[in-house]
Amino acid sequence: MDDRTTPRSRGLAQIILALSPASGLVAVALGEQYRWAETALQLTPGFERRPDGTYALRDVDTAAPILRALADTARRHRVHLFGGPRTYLGDYATALADRLPGEWTVKVEVYAHPVWQEDLVPLLWDAGELIDSVEHARIPYAAELTNGAGINLLLVERPGSADEYLLGTFASATFDDNYADPHAPSAIVLPADTAHAVGLVTGTFLPAYEQAVHDRLLAAVEAAHGRLEELHAAWTAIQQSSRCTDGIRLEPAALGHTEQQYLEESFVEWRRLRPHAAELLSRTRPSAATEDTVSLDRLSQLLPPDAAVSSWPAAPSSPAALSPGTAESLRRWRADAPALLRQARASRPVGPTWTVRPALPPAATAAPSIPGRAPRSR
């Protein structure tokens with residue numbers, strides 16, 4: 001058995017063994033022929049398959065003869081064994097989550113076939129080492145840490161290191177176009193000592209994450225609001241041009257544009273804007289008691305907390321989809337949006353890091369079709 005925790009080959013069947021204070025000895029079957037590795041584990045008495053796809057040998061006192069039997073069985077099935085002193089990732093993730101403020105859940109996911117880790121690429125929101133590792137290194141498994149407040153973190157063993165980890169994040173809930181996003185935060189390297197690691201997460205990573213979410217929401221709302229203003233300005237210009245100097249009025253339809261068309265185009269932008277605006281509003285507090293407070297209060301009526309949930313992802317717009325209040329909603333937004341943008345630019349993010357919020361529907365992402373593997377989605 002090689003004294004390593006990172007498999008060297010993508011093409012062979014492999015088993016990684018890791019120590020677990022909670023479960024004894026954990027085994028993970030990997031490789032393009034991972035089913036050979038699973039067969040070796042199933043034929044070795046003592047290993048039990050767990051719901052997350054890993055296998056556990058709970059009675060470590062009897063490990064020596066069982067490991068010899070596993071080595072013999074693995075050899076017959078052309079499976080390489082890897083092991084080392086590193087604690088099982090799931091135990092490290094649980095220890096870290098238990099020290100973080102708030103309530104966190106931990107889920108381990110195994111990427112037995114090398115292709116499966118590619119499912120993570122469109123879901124991760126990272127500008128650092130984590131996305132690079134997922135794209136170019138072998139990530140056999142990962143732990144997802146979720147706090148029920150819209151924050152989903154991904155923890156992996158750092159490739160090439162025997163005692164370091166990488167922690168990054170999935171995208172904030174109202175976004176699904178995350179790859180190479182300019183606002184993405186960078187993953188952080190964590191040491192094996194979870195007491196030290198939790199200080200880095202709460203003191204460095206989560207504040208950077210909240211700032212990145214704030215900046216991305218602000219940029220999205222500013223851009224969408226700008227498009228709405230352009231559409232309104234164009235419609236206003238058409239209305240003005242419909243009046244001729246000789247007193248004859250031309251209907252806007254004669255100029256190639258109707259109010260219905262203007263509302264339909266604006267409604268598409270409004271549907272895209274609404275979940276981001278609701279989320280930004282929930283994170284923005286007035287820096288002082290100003291007239292902007294009144295505008296923010298009005299916006300809270302226009303954008304209730306469930307607006308992000310009910311409006312995302314936006315359904316395709318059609319004339320029939322326009323509600324009777326569309327024009328009024330657009331008018332109210334245009335009147336009060338400048339106050340929100342002003343306050344959001346001036347304030348530091350007030351992220352709901354430890355405040356439970358309803359989770360948004362997941363963005364489904366199709367994974368490559370591999371026999372025995374369902375596509376991963378969030």
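A residue counts as buried when its relative accessible area is under 20%. Glu-269, at 9% relative accessibility, therefore counts as buried. Keep that cut-off in mind, since burial comes up often in what follows.

**How far to trust the model**

What you have here is a predicted model. The mean pLDDT of the protein chain is 84, and 81% of its residues reach 70 or more. Among the elements, strand β10 (residues 188-191) has the highest mean pLDDT, 98, while helix α8 (residues 307-310) has the lowest, 54. Over residues 310-320 the pLDDT drops below 50, and this stretch has 21 contacts in the model beyond near neighbours in sequence. Residues 352-375 also stay under 50, with 59 contacts beyond four places in sequence.

**The five-stranded sheet**

Let's start with the sheet. Five strands line up in the order β3-β4-β2-β1-β5 to make an open sheet with mixed pairing. At the edges sit β3 (48-49) and β5 (79-87), each of which pairs on one side only. Helix α2 (residues 63-76) packs on this sheet and touches β1 (13-20), β2 (24-30), β4 and β5, its direction making about 145° with that of β5.

On the β3 side, β3 pairs with β4 (residues 55-57) in the antiparallel sense over two bridges. There, Glu-48 has Ala-56 of β4 as its bridge partner.

Now to β1. A hairpin of three residues joins β1 to β2, and the two strands pair in the antiparallel sense over seven bridges. One of the matched pairs is Ile-16 with Val-28 in β2. With β5, β1 pairs in the parallel sense over six bridges. Seven of the eight residues of β1 are buried, so the strand is largely enclosed by the rest of the structure.

His-80 is a handy spot to look at in β5. Gln-14 stands opposite His-80. Beyond its neighbours within four places in sequence, His-80 is in contact with Leu-12, Ala-13, Gln-14 and Ile-15. Its relative accessibility is 35%, so His-80 counts as partly exposed. The C-alpha atoms of His-80 and Gly-31 are 9.9 Å apart, although 49 residues separate the two along the chain.

**Two residues with positive phi**

Most residues other than glycine have a negative phi. Arg-78 has a positive one, near 60°. Arg-78 sits in the loop between α2 and β5 and counts as exposed at 56% relative accessibility. Ala-180 also has a positive phi, of about 60°. Ala-180 lies in the loop between β9 (164-169) and β10, and is exposed with a relative accessible area of 63%.

**Salt bridges**

The whole structure holds 17 salt bridges. Here are three of them:

| Acidic residue | Basic residue | Closest N and O atoms |
|---|---|---|
| Glu-38 | Arg-49 | 3.3 Å |
| Glu-269 | Arg-227 | 2.8 Å |
| Asp-292 | Arg-342 | 2.7 Å |

Which parts of the chain does the Glu-38 and Arg-49 pair tie together? Glu-38 lies in helix α1 (residues 34-42) and Arg-49 in strand β3, so the bridge ties together parts that are eleven residues apart in sequence. Glu-38 is buried, with a relative accessible area of 13%, whereas Arg-49 is partly exposed at 49%. Arg-35 joins in too: Arg-35, Glu-38 and Arg-49 are linked in a network of salt bridges.

The second pair links distant parts of the chain, with Glu-269 in helix α6 and Arg-227 in helix α5 (residues 194-241), 42 residues apart. Glu-269 is the buried residue from the opening, and Arg-227 counts as partly exposed at 36% relative accessibility.

In the third pair, Arg-342 lies in helix α9 and Asp-292 in helix α7, so the bridge ties together parts that are 50 residues apart in sequence. Asp-292 is buried, with a relative accessible area of 6%, while Arg-342 counts as partly exposed at 41%.

**The buried face of α7**

Asp-292 leads us to the rest of its helix. In α7 (residues 292-302), the buried residues are Asp-292, Ser-295, Leu-296, Leu-299 and Leu-302. Seen down the axis of α7, they fall within an arc of 110°, so they line one face of the helix. An α-helix has 3.6 residues a turn, so residues three or four places apart point the same way. What do the buried residues of α7 pack against? Their partners are α6 (259-282) and α9 (326-346).

Notes. Residues numbered from 1 in each chain as written. Predicted model: local features only at pLDDT ≥ 70, side-chain atom pairs only at ≥ 80, totals over all residues. Heavy atoms only, no water. Pairing = 2+ DSSP bridges. Helix = DSSP H or I, 4+ residues; strand = E, 2+ residues; numbered from the N terminus. Contact = heavy atoms within 4.5 Å. Axes fitted to C-alpha atoms, helices over the stretch in contact; angles between N-to-C directions. pLDDT = per-residue confidence, 0-100. Buried < 20%, exposed > 50% of the residue type's maximum accessible area, 1.4 Å probe, protein only. Arc of directions from axis to C-beta. Salt bridge = Lys/Arg side-chain N within 4 Å of Asp/Glu carboxyl O.
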